[in-house]
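Open the model in your viewer and keep the selection box handy. The stops below follow one another.

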Amino acid sequence: MSRRYPDWEREGKGWPNRETSRFVEADGYRWHVQEMDSEEANPSVCLLIHGTGAATHSWRDVMPILAQHYRVIAMDLPGHGFTRPNHARRVSLPQMARSLGILLDELGARPDVIVGHSAGAAVSLQLCLERDWQMPVIGLNPALLPFPGLAAKLFPALAKMLFTNPFVPTIFARMARSHAAVERFLEKSTGSNIERAGIDYYHRLFARPGHCDGAIRMMASWDLEELEKRLPQVQAPTMLLHASRDAAIPRNAVKDAAESIPGCAFEEVSGLGHLAHEEQPEQIAALINAFVERVTA
């Protein structure tokens, strides 16, 4: 059963920024958490939240850049990476945000900046809404709106169907056992070209059915229609960024979400895909820092 999930001593061997990792018990989960501290006195806290199917490795090159000025915290969301699921806990968007808030309480950390990628952007804004937080939020290729038209009904139904079939995660994991298969999947689904080491980290995770199950379970449990209704209530200074080659989230979905959030900035970057922060970490970190400086000046 243990091989169903990524193992810290096997898949985690040589994990990016491994020296910053620890495991923290909070809200029924044993979270894999990474922290990098700035050498500055009393640095602000920057929280990084990855997207569906990813883990802390997604921030491997962004973390050291941001840690020049911040205490940076990243974690594997429930059912992802090295944070195993707790089937007694729902993984709906509000519940995931609440669980993450409890983890932050355990860490004694209140973020000053939140950066969320894809589904992580939804968790970021949900967390701000739950706790009435107003710190800057940056959404990288954010997944904030329901799929349009018929897809709005078909995709959640498909995710639920896959979730109820116990063989699907195992089948997907078997398909992902070769680096070439994972590379093709990432390129087609994200539009990004990342380095071989990055592909290897995804390969380690995708080859374990438990990680695949965590991603499917999360998709099957989310209701973005409720978040969409609450976007006009967001008080946090927000920037949503869309990469021109993103094969997962269309530009109009990001632009529409930005127009629903009061005062939201909308930025575009060319030549990058859904994993823009893995392709060009320096460029994305610079955009994050520039936005924070602008709204906190």
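## Stop 1: strands β5 and β6

Select Ile114 and Val137; Ile114 stands opposite Val137 in β6. This is a predicted model. Now widen the selection to strand β5, residues 113-117, and strand β6. The two run parallel, and four bridges join them.

Stay on β6, which spans residues 137-140. Are its faces covered or not? Both are covered. On one side sit Val137 and Gly139, and on the other Ile138 and Leu140. All four of these residues are buried.

Step on to Asn141, which lies in the loop between β6 and α4 (151-164). Check its backbone: phi is near 45 degrees, a positive value in a residue other than glycine. Asn141 counts as buried because its relative accessibility is 1%.

## Stop 2: strand β4 and its partners

Select β4, residues 70-75. How many of its residues are buried? Six of its six are, and the strand is mostly covered. Tyr70, Val72 and Ala74 point one way. Arg71, Ile73 and Met75 point the other way.

Add β2, residues 29-36. β2 and β4 pair in the antiparallel sense, over four bridges. To see the register, pick Val33, which stands opposite Met75 in β4.

Now add β3, residues 44-49. β3 and β4 pair in the parallel sense, over five bridges. Pick Ser44 here: it stands opposite Tyr70 in β4.

## Stop 3: the charges on β2 and β4

Show the side chains of Glu35 and Arg71. They form a salt bridge, with the closest N and O atoms 2.8 Å apart. Glu35 lies in strand β2 and Arg71 in strand β4, so the pair ties together parts that are 36 residues apart in sequence. Are these two residues buried or exposed? Both Glu35 and Arg71 are buried.

Add Arg22 to the view. Arg22, Glu35 and Arg71 are linked in a network of salt bridges. For the wider context, a search of the whole structure finds 14 salt bridges.

## Stop 4: Glu195 and Arg60

Select Glu195 and Arg60. This pair forms a salt bridge too, its closest N and O atoms being 3.1 Å apart. Glu195 lies in the loop between α6 (179-190) and α7, and Arg60 in the loop between β3 and α1 (62-66), so the pair ties together parts that are 135 residues apart in sequence.

Color the two by accessibility. Glu195 is partly exposed, with a relative accessible area of 33%. Arg60 has a relative accessible area of 6%, and buried means under 20%, so Arg60 is buried.

## Stop 5: the segment before β1

Jump to Glu11 and Arg208. They form a salt bridge, with the closest N and O atoms 3.2 Å apart. The pair links distant parts of the chain, 197 residues apart. Glu11 is in the segment before β1 (21-26). Arg208 is in the loop between α7 (196-206) and α8 (209-221). Glu11 is buried, and so is Arg208.

Keep Arg208 selected and add Arg4. How far apart are Arg4 and Arg208 in space, C-alpha to C-alpha? The distance is 5.5 Å, although they are 204 residues apart in sequence. Arg4 also lies in the segment before β1. Arg4 is partly exposed, with a relative accessible area of 23%.

Move along to Asn17, another residue in the segment before β1. Its phi is near 55 degrees, a positive value in a residue other than glycine. Why does Asn17 count as buried? Its relative accessibility is 13%, and the cut-off for buried is under 20%.

## Stop 6: a negative patch

Finish on the surface. Select Asp223, Glu225, Glu228 and Asp256, which form a negative surface patch. Then single out Asp256 and show helix α10, residues 251-260, where Asp256 is placed. Asp256 is partly exposed, with a relative accessible area of 37%. Patch residues need over 30% relative accessible area and no salt bridge, so Asp256 at 37% clears the area cut-off.

Notes: Residues numbered from 1 in each chain as written. Predicted model: local features only at pLDDT ≥ 70, side-chain atom pairs only at ≥ 80, totals over all residues. Heavy atoms only, no water. Patch = residues over 30% accessible without salt bridge, like charges linked within 9 Å, V, L, I, M, F, W, Y side chains within 5 Å. Areas by Shrake-Rupley, 256 points an atom, 1.4 Å probe, with all protein chains shown as cover. Salt bridge = Lys/Arg side-chain N within 4 Å of Asp/Glu carboxyl O. Lys, Arg positive; Asp, Glu negative; His and termini not counted. Charge placed at Lys NZ, Arg CZ, Asp CG, Glu CD. Buried < 20%, exposed > 50% of the residue type's maximum accessible area, 1.4 Å probe, protein only. Pairing = 2+ DSSP bridges.
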